[in-house]
Amino acid sequence: MADARAARGRLDTPRELRRPLVRRPTFRADAFGSFAEAFARYMGTARFIAWMTMVVLIWVAWNTLAPQEWRFDQFPFIFLTLALSLQASYAAPLILLAQNRQEDRDRAIAEQDRRIASQSKADMEFLARETASLRMALGEVATRDYLRSELRLLLEELDERDRQRDLTDQHSVDAGESPRTT
């Protein structure tokens with residue numbers, strides 16, 4: 001029994017699939033906020049303005065052109081004003097809620113951007129220090145031109161020694177001595 005509870009609580013052990021006969025509705029704590037954002041997003045579109053304009057025009061046309069007994073809102077259009085006021089009274093808080101949620105997201109994104117920027121700055125400073133140390137180390141490394149000039153001087157020095165040896169050998173042959181072999 002204790003093993004079954006321990007296995008059920010472990011994250012590396014998959015759960016058994018049990019499908020309920022009736023699926024319970026899931027409630028997201030953020031569902032109303034998502035609805036508010038979707039509503040505010042829709043109210044900011046040209047489609048909403050077009051539909052709203054058509055509804056108001058049809059409302060006004062119906063209540064001015066229809067026969068008297070079919071009219072439900074007379075000239076000052078009190079019911080239309082009430083409906084638009086009700087819509088505005090609900091729309092304003094929903095839009096504010098959507099704006100607050102967007103501000104929270106923007107704040108989180110800005111904080112993440114600041115963190116990334118500070119990490120990038122630290123990385124760039126590290127790379128600048130490393131580049132400076134490499135340049136300093138390269139100042140102590142022999143370059144190709146320096147090695148070539150040193151080898152050229154060494155070759156000239158060896159050629160000079162060979163010429164002197166040849167001259168010494170030539171003098172000894174002229175003096176009757178046997179040339180030395182190396």
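Is R161 buried or exposed? Select R161 and turn on the surface: R161 is exposed, with a relative accessible area of 51%. Here exposed means over 50% relative accessible area, buried means under 20%, and partly exposed is in between (1.4 Å probe, protein chains only).

Before going on, some housekeeping. You're looking at a predicted model, where local features need pLDDT of at least 70, side-chain atom pairs count only at pLDDT 80 or more, and totals for chains, interfaces and linings use all residues. Residues are numbered from 1 along each chain as its sequence is written, and side-chain values use heavy atoms, with hydrogens and water left out.

**Stop 1: α5**

Keep R161 and add E157. The two form a salt bridge, with their closest N and O atoms 3.6 Å apart; the term covers a side-chain nitrogen of Lys or Arg within 4 Å of a carboxyl oxygen of Asp or Glu. Both sit in helix α5 (residues 144-174), four residues apart, or about one turn of the helix. Helices here are DSSP runs (H or I, at least four residues), numbered from the N terminus. E157 is partly exposed, at 44% relative accessible area.

**Stop 2: α4**

Now pick D104 and R107. Their side chains meet in a salt bridge at 2.9 Å, N to O. They are three residues apart in helix α4, which means about one helical turn separates them. D104 is partly exposed, with a relative accessible area of 42%.

Slide along to E111 and R114, another salt bridge, this one 3.1 Å from N to O. This pair is also in α4, three residues apart, about one turn of the helix. E111 counts as partly exposed at 37% relative accessibility.

**Stop 3: a network**

Select D30, E37, R101 and R105 together: salt bridges link them in a network. The structure holds eight salt bridges.

**Stop 4: α3**

Finally, show residues 46-65, which make up helix α3. Try a distance between the end C-alpha atoms: they are 28 Å apart, in agreement with the 28 Å expected for 20 residues at 1.5 Å a residue (the expected span is 1.5 Å times one less than the number of residues).

Colour F48, W59 and N63, the buried residues of α3. Look down the helix axis: these buried residues fall within an arc of 15°, so they line one face of the helix. The arc is that of the directions from the helix axis to the C-beta atoms. What do they pack against? Show α2 (31-43) and α4 (78-139), the partners of those buried residues. Then flip to the face turned away from the buried side, where the exposed residues are A46, R47, I49, L57, I58 and L65.

Key: Helix = DSSP H or I, 4+ residues; strand = E, 2+ residues; numbered from the N terminus. Contact = heavy atoms within 4.5 Å.
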